[in-house]
Amino acid sequence: MHLMQLMSPDHVRSAKAGTYRFLRVSAAIMLAAQLGIRFVFPTPSPIPDLLLFNGAALLASLSAYVAPLFNDRWAVLALSGAIGIWAIGSTISSAESFYSFRLWRGFSDIAYALFYPLALLGLNRAITSMRKLRATEVLDVAIIGLGATGAIASLVLKPAMLQLNGSPVTVFLAILYPIGDIVLLVITLILIWFQKFSLRSILLLIGISLFAATDLYFIWASAKSSYAFASLVDDGWVFGLILLAEALWHPGGEKEVNPKVISGATLVALLISSLLLTVAVIKPRELPTFVLIPAFSTLALSFIRMSIALREAREIKDERALARTDELTGLPNRRRFISALESLNNTEALLLLLDLDGFKKVNDTLGHDAGDELLRQIALRFSRQIPRNAILARLGGDEFGAIIYGTTRSGLEVAHALRSSLTYPASIGEHSVTVGVSIGAIENDNKPELMRRADAAMYKAKQSGSGVTLFEL
């Protein structure tokens with residue numbers, strides 16, 4: 001028999017926990033081993049600077065992936081994916097530094113670039129409250145990130161071109177990663193500002209700060225031609241990623257950020273992008289065309305986000321309407337009727353409770369489908385008799401309710417009109433069916449148990465056969 005079949009569920013769970021704990025610390029152990037070898041042998045070599053350096057990042061990705069279940073699932077997937085894709089890009093770049101083969105340079109660039117949207121989504125989910133991931137949330141993250149990227153790029157591109165050699169496109173790509181780091185850092189600070197400080201938020205902040213600081217040092221050293229491959233500073237990248245993974249092993253005091261904050265941030269991003277495009281139209285040579293790509297993308301995503309938000313608003317409106325509407329007749333249901341009744345206060349109105357006479361016989365002899373069709377026809381007849389400002393509802397079964405605003409006399413006239421609407425038969429398939437209605441009426445006196453007293457009047461009308469009975473003390 002297989003060993004796992006012999007183990008109890010507790011033993012299996014314990015074995016998995018042990019494996020996960022090992023993954024949690026293995027990245028730090030591997031990074032420490034890489035630092036130890038580099039300290040003894042300062043010259044860059046494949047084992048510490050290719051295998052151990054990038055292996056530590058990959059293990060950090062696995063550590064994030066197996067983080068405890070109290071995490072939001074999308075935070076785990078996004079952060080582990082961000083760390084893993086960065087590790088892949090770093091592995092390709094490191095291998096090209098040691099060996100003569102060359103892959104397409106775009107492989108590592110794409111991997112590094114994908115780190116930022118994944119990290120931005122993961123940080124947002126890890127810091128704020130756990131909830132269902134919505135398309136609008138993903139679009140908000142993209143809009144804020146692209147808007148900030150375009151704004152910062154437009155400000156720092158010209159100064160960077162004075163310091164860095166190469167075409168505007170080359171310089172833009174060189175500063176794109178530090179811009180992404182600044183965006184990540186600023187958004188992380190904003191999100192944490194609205195939270196209670198916790199070990200998780202501190203680790204996330206330190207981790208992304210260390211990663212960003214290493215990137216900024218890299219571009220500064222590259223501009224000064226003083227950057228040395230496989231220096232100790234490079235470990236700041238991996239150490240920062242390890243801290244991001246470790247943060248997922250600690251619960252945080254998450255709460256949902258006020259939607260107005262997110263809406264405000266997306267609005268600012270949209271305004272900045274619109275301003276950049278306006279500048280490009282007025283002064284075509286002021287900004288390179290490729291710098292405007294984030295601005296165009298921000299506007300496009302904003303329109304998509306708006307259409308999705310409008311659709312969601314319509315769906316919510318429809319759901320609320322369905323929650324307060326009787327599915328069979330399309331009339332307001334009991335919940336909506338009670339709500340309207342409770343808001344009457346001192347308004348002059350007459351409450352009517354209507355109970356069909358003879359409906360049960362139709363339902364029993366012709367079946368429930370015929371009964372449903374009869375109720376739909378009756379609801380239509382009743383709807384034609386009441387004033388526009390009145391409320392007619394199906395309260396359940398063969399019972400209806402109506403609130404007629406105005407004098408008692410006008411309300412009673414409506415009650416008799418409702419009763420008269422059932423004097424001619426209804427056609428249900430091949431059958432001709434006639435039912436009656438007993439109506440209890442009561443003036444709104446702003447006193448409790450209005451429904452109970454109207455029900456008593458309706459019962460009296462049914463017993464006496466009078467059709468309509470006004471409740472009187």
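Student: Which residues are linked with Arg38 in a network of salt bridges?
Tutor: This is a predicted model, so the answer rests on computed positions. The network joins one arginine to acidic residues. The partners of Arg38 are Asp49 and Asp235.

Student: How many salt bridges does a search of the whole structure find?
Tutor: A salt bridge here needs a Lys or Arg side-chain nitrogen within 4 Å of an Asp or Glu carboxyl oxygen. Searching the whole structure gives a total of 13.

Student: Which residue forms a salt bridge with lysine 360, and where do the two lie?
Tutor: Both residues sit in helix α13, residues 359–366. They are 4 residues apart, about one turn of the helix. The closest N and O atoms are 2.9 Å apart. The partner, in α13, is aspartate 364.

Student: Is lysine 360 buried or exposed?
Tutor: Exposed means over 50% relative accessible area. Lysine 360 has 61%, so it passes that cut-off. Aspartate 364 has 53% and is exposed too. For lysine 360 the answer is exposed.

Student: Is arginine 453 buried or exposed?
Tutor: Arginine 453 forms a salt bridge with aspartate 445, with the closest N and O atoms 2.8 Å apart. Aspartate 445 is partly exposed, at 30% relative accessibility. Arginine 453 has 8%. The cut-off for buried is under 20%, so arginine 453 counts as buried.

Student: What is the phi of glutamate 449 near?
Tutor: Most residues other than glycine have a negative phi. Glutamate 449 has a positive one. Its place is the loop between β6 (436–443) and α16 (450–464). The value is near 60 degrees.

Student: Which residue forms a salt bridge with glutamate 449?
Tutor: The closest N and O atoms of the pair are 3.1 Å apart. The partner is partly exposed, at 49% relative accessibility. It is arginine 452.

Student: Where is asparagine 345, and what is its phi?
Tutor: Asparagine 345 lies in the loop between α12 (334–342) and β1 (349–357). At 48% relative accessibility, it counts as partly exposed. Its phi is positive, although it is not a glycine. The value is about 55 degrees.

Student: Which residues touch the most other members of the largest nonpolar core?
Tutor: This core has 50 residues. Elements giving two or more residues to it run from α2 (9–40) through α3, α4, α5, α6, α7 and α8 to α9 (235–247). Those touching the most other members are Trp86, Phe115, Leu184, Leu204, Val238 and Leu241.

Student: How many residues are in the other core that lies apart from it?
Tutor: Its members include Leu352, Phe359, Ala415 and Leu422. The count is 31 residues.

Student: What does leucine 184 touch?
Tutor: Leucine 184 is one of the residues touching the most other members of the largest core. Leave out residues up to four places away in sequence. The list is then Phe115, Tyr116, Ala119, Leu120, Leu123 and Ile208.

Student: Which helix gives the most to the nonpolar surface patch?
Tutor: The patch covers about 570 Å². Ile182, Val186, Ile190, Trp193, Phe194 and Leu216 make it. Isoleucine 182 is partly exposed, at 33% relative accessible area, and it lies in α7. With 4 residues, the top contributor is α7.

Student: Why is α9 called largely enclosed by the rest of the structure?
Tutor: Count its residues under the 20% cut-off. Among those buried are Trp237, Val238, Leu241 and Leu244. α9 is largely enclosed because the buried count is 12 of 13.

Student: What span should α9 have, and how far apart are its end C-alpha atoms?
Tutor: The expected span is 1.5 Å times one less than the number of residues. α9 has 13 residues, so it should span 18 Å. Its end C-alpha atoms agree with this, at 18 Å.

Student: Which residues does threonine 214 touch?
Tutor: Threonine 214 lies in helix α8. It is buried, at 5% relative accessible area. Beyond residues up to four places away in sequence, it touches Val233, Asp234, Gly236 and Trp237.

Student: How many helices and strands does the chain have?
Tutor: The chain has 473 residues, and 44% count as buried. Its secondary structure comes to 16 helices and 7 strands.

Definitions and conventions
Residues are numbered from 1 along each chain as its sequence is written. This is a predicted model: local features need pLDDT of at least 70, side-chain atom pairs count only at pLDDT 80 or more; totals for chains, interfaces and linings use all residues. Side-chain values use heavy atoms; hydrogens and water are left out. A nonpolar core is a set of buried Ala, Val, Leu, Ile, Met, Phe, Trp, Tyr and Cys residues joined through side-chain atoms within 4.5 Å. Buried means under 20% relative accessible area, exposed over 50%, partly exposed in between (1.4 Å probe, protein chains only). Contact means heavy atoms within 4.5 Å. Patches are made of residues with over 30% relative accessible area and no salt bridge: like charges are joined within 9 Å, nonpolar side chains (Val, Leu, Ile, Met, Phe, Trp, Tyr) within 5 Å. Accessible areas come from the Shrake-Rupley method with a 1.4 Å probe; for residues, only the protein chains shown count as cover.
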